[in-house]
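Student: I have a new model open and want to learn how to read its features. Can we go through them one at a time?
Tutor: Gladly. Bring up the view and ask away.

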Amino acid sequence: MTDYFPGVPRRIEYGGPQSRNPLEFKHYNPDEVVAGRPMRDHLRFSVVYWHTFSNPLADPFGVGTALRPWDDGSGSLENALRKTDVAFDFMERLGAPFYAFHDRDVAPEGKTLAESNKNLDAVVARLKEHQQRTGIRLLWGTANLFSNPRYAQGAATSPYVDVFAFAAAQVRKAIEVTHELGGAGYTFWGGREGYSTLLNTNMKRELDHLARFLHMAVDYKKSIGFNGPFYIEPKPKEPTKHQYDSDAAACLNFLREYGLLEHFKLNIETNHATLAGHEMQHELEVAAAAGALGSIDANTGDPLLGWDTDQFPTDIYLTTRCMLVILKMGGFTTGGVNFDAKVRRESFEPVDLFHAHIGGMDAFARGLKIADAILRDGRLDAFVRQRYASWDGELGRRIEAGQTTLGDLEAYILPKGDVPQCPSGRQEMLENLINEFL
Ligand code: XUL
Ligand code: CO
């Protein structure tokens, strides 16, 4: 096979923090044990097909700039098959244990659904060969229910029943091939499941339809014996004005309302959290508190650009806080750190794809080591535990157990007159504490 990455070693090695080689890891050392597990197993890094192998790097003001010499732009099956070879070459060199794809990233859409399915089957056979040869696994599969014009007004929430049926058939196939490839999970991201104006929208009916759609997917998953989790990926807007899966709390409420909670976990993406007006840590904690934190789409936005820029994560403060939540929940099981991130339009050479992933992997490796050190140090947790210590007394226990009335609490507090001064929240001290470890 042609070497499409000349100058890039067959394997990106761990060079250590002193390395000045841009094609070496400075911190990600897959076999190094942190908190009882090798880094590889903690982080479960995944490369996304859509941004890394199928994104021409266009923006609303200009055409794509990406130089991808393996891609002839023909949209042919042959081109798609060649792309699988390059994708696995890339992932092998990087040492990424997982990847993720939409159906339409890997195989071209045909003129009919049957033709699209046939194309997909042909590519899946090749993907399977590559997986077997390299040991690289599918973190999750998904269906692209947002690019084709038929989905302009939604897929599972389309006002038009035939569009709903088409989307259902497409998802059925995408789950089937995910299962065929031994995928560890399957993701639903509702790109156009929302609205641009409420003037033309029956919101309640659309939500009912979305729930029906997901229930049918659960039934199908059971019927074929696919045991991986389904993930919902929250995002508040873009491309729609409002997306129904807007944030973790909204997703959990929707799943609970429609009896779907036990069948889904959440896939939390940093830039989506930002768009929802939340910190990533907030979204992770909301999901973890519900026992529903499944996986993360690791990226970051630009604070000066109010859109989903999907940049590679390089901020160690961010990765530290992600890893604090993930370590505290006991680590990933089926999920992983999936780089739903793209290089900048200005970074158009193939080697930029390596720099980007190496940087993201190193940033998460550092976040992991730092979070582990903070947890082992114990002061942060001890502070939080102490802050709530009054709840561990007799009264707190009775309130938490639902054994008190408002009247009981009035009888308790009246004789005290008022509450004495509460202790300081010590935000600055804790921020300084985190910085000790960075
Ligand atoms: C879009 C996005 C998607 C999902 C998969 O913002 O994050 O790529 O991750 O459909
Ligand atoms: Co994503």
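Student: Start with Glu279. How exposed is Glu279, and what is its relative accessibility?
Tutor: This is a predicted model, so keep that in mind throughout. Glu279 has 46% relative accessibility, and partly exposed covers values between 20% and 50%, so Glu279 counts as partly exposed.

Student: Which side chain does Glu279 meet in a salt bridge?
Tutor: The general idea comes first. Side chains of opposite charge can pair when their charged atoms come close. Here the partner of Glu279 is Arg321, with 3.2 Å from N to O. Glu279 sits in the loop between α9 and α10, while Arg321 belongs to helix α11, so the salt bridge ties together parts 42 residues apart in sequence. Arg321 is partly exposed, at 24% relative accessible area.

Student: What else lies in the loop that holds Glu279?
Tutor: Look at Gly277. The loop between α9 (270–275) and α10 (280–289) holds Gly277. Its relative accessible area is 65%, and the exposed class begins over 50%, so Gly277 is exposed. For a sense of distance, take Asn55: Gly277 and Asn55 are 27 Å apart, C-alpha to C-alpha, with their positions 222 residues apart in sequence.

Student: How many salt bridges are there?
Tutor: The count is 24 salt bridges. One of them joins Arg93 to Asp89, at 3.0 Å from N to O. Both residues lie in helix α3. They are four residues apart, about one turn of the helix.

Student: Are Arg93 and Asp89 buried or exposed?
Tutor: Arg93 is buried, at 1% relative accessible area. Asp89 counts as buried too, at 9%. The pair also belongs to a network of salt bridges that links Asp3, Arg10, Asp89 and Arg93.

Student: Which residue pairs with Asp377?
Tutor: Asp377 forms a salt bridge with Arg379, and their closest N and O atoms are 2.9 Å apart. Asp377 is partly exposed at 32%, and Arg379 is partly exposed at 36%.

Student: Now the metal. Which residues coordinate the cobalt ion (ligand 2)?
Tutor: Glu233 (OE), Glu269 (OE), Asp297 (OD) and Asp340 (OD) coordinate the cobalt ion (ligand 2), at 1.9 to 2.2 Å. Along the sequence, the spacing of these donor residues reads E-x35-E-x27-D-x42-D. Glu233 and Glu269 link distant parts of the chain, 36 residues apart. Glu233 lies in the loop between β8 (230–232) and β9 (242–243), and Glu269 in strand β10 (residues 264–269). Glu233 and Glu269 are buried.

Student: Why is the arrangement around the cobalt ion (ligand 2) octahedral?
Tutor: Begin with the ideal. Angles at a metal are ideally 109.5 degrees for four tetrahedral donors, and 90 or 180 degrees for six octahedral ones. Around the cobalt ion (ligand 2), six donor atoms subtend angles of 78 to 173°, which makes the arrangement octahedral.

Student: How many disulfides are there?
Tutor: A disulfide is a covalent bond between the sulfur atoms of two cysteines. The count here is zero. Take Cys322: the closest cysteine sulfur is in Cys251, 17 Å away, which is too far for a bond. Cys322 counts as buried, at 1% relative accessibility. Cys422, at 53%, counts as exposed.

Student: What backbone features should I check?
Tutor: Check peptide bonds and phi angles. The peptide bond from Glu238 to Pro239 is cis, with omega near 10°. Pro239 lies in the loop between β8 and β9. For phi, see Leu57: its value is positive, about 65°, although Leu57 is not a glycine. Leu57 is in the loop between α2 (49–54) and α3 (77–94), and is buried at 3%. Asp310 has a positive phi of about 50° and is not a glycine either. Its loop runs between β11 (293–297) and α11 (316–328), and Asp310 is buried at 6%.

Student: Which residues form a nonpolar patch on the surface?
Tutor: Val384, Tyr388 and Trp391 form the patch, with about 290 Å² of accessible area together. Tyr388 lies in the loop between α13 (379–387) and α14 (394–400), and is partly exposed at 46%.

Methods
Residues numbered from 1 in each chain as written. Chains lettered and ligands numbered in written order. Predicted model: local features only at pLDDT ≥ 70, side-chain atom pairs only at ≥ 80, totals over all residues. Heavy atoms only, no water. Donors = N, O, S within 2.8 Å, 3.2 Å for Na, K, Ca; no water. Tetrahedral: all angles 85-135°; square planar, octahedral: opposite > 155°, others 65-115°. Helix = DSSP H or I, 4+ residues; strand = E, 2+ residues; numbered from the N terminus. Buried < 20%, exposed > 50% of the residue type's maximum accessible area, 1.4 Å probe, protein only. Disulfide = S-S within 2.5 Å. Patch = residues over 30% accessible without salt bridge, like charges linked within 9 Å, V, L, I, M, F, W, Y side chains within 5 Å. Areas by Shrake-Rupley, 256 points an atom, 1.4 Å probe, with all protein chains shown as cover. Salt bridge = Lys/Arg side-chain N within 4 Å of Asp/Glu carboxyl O.
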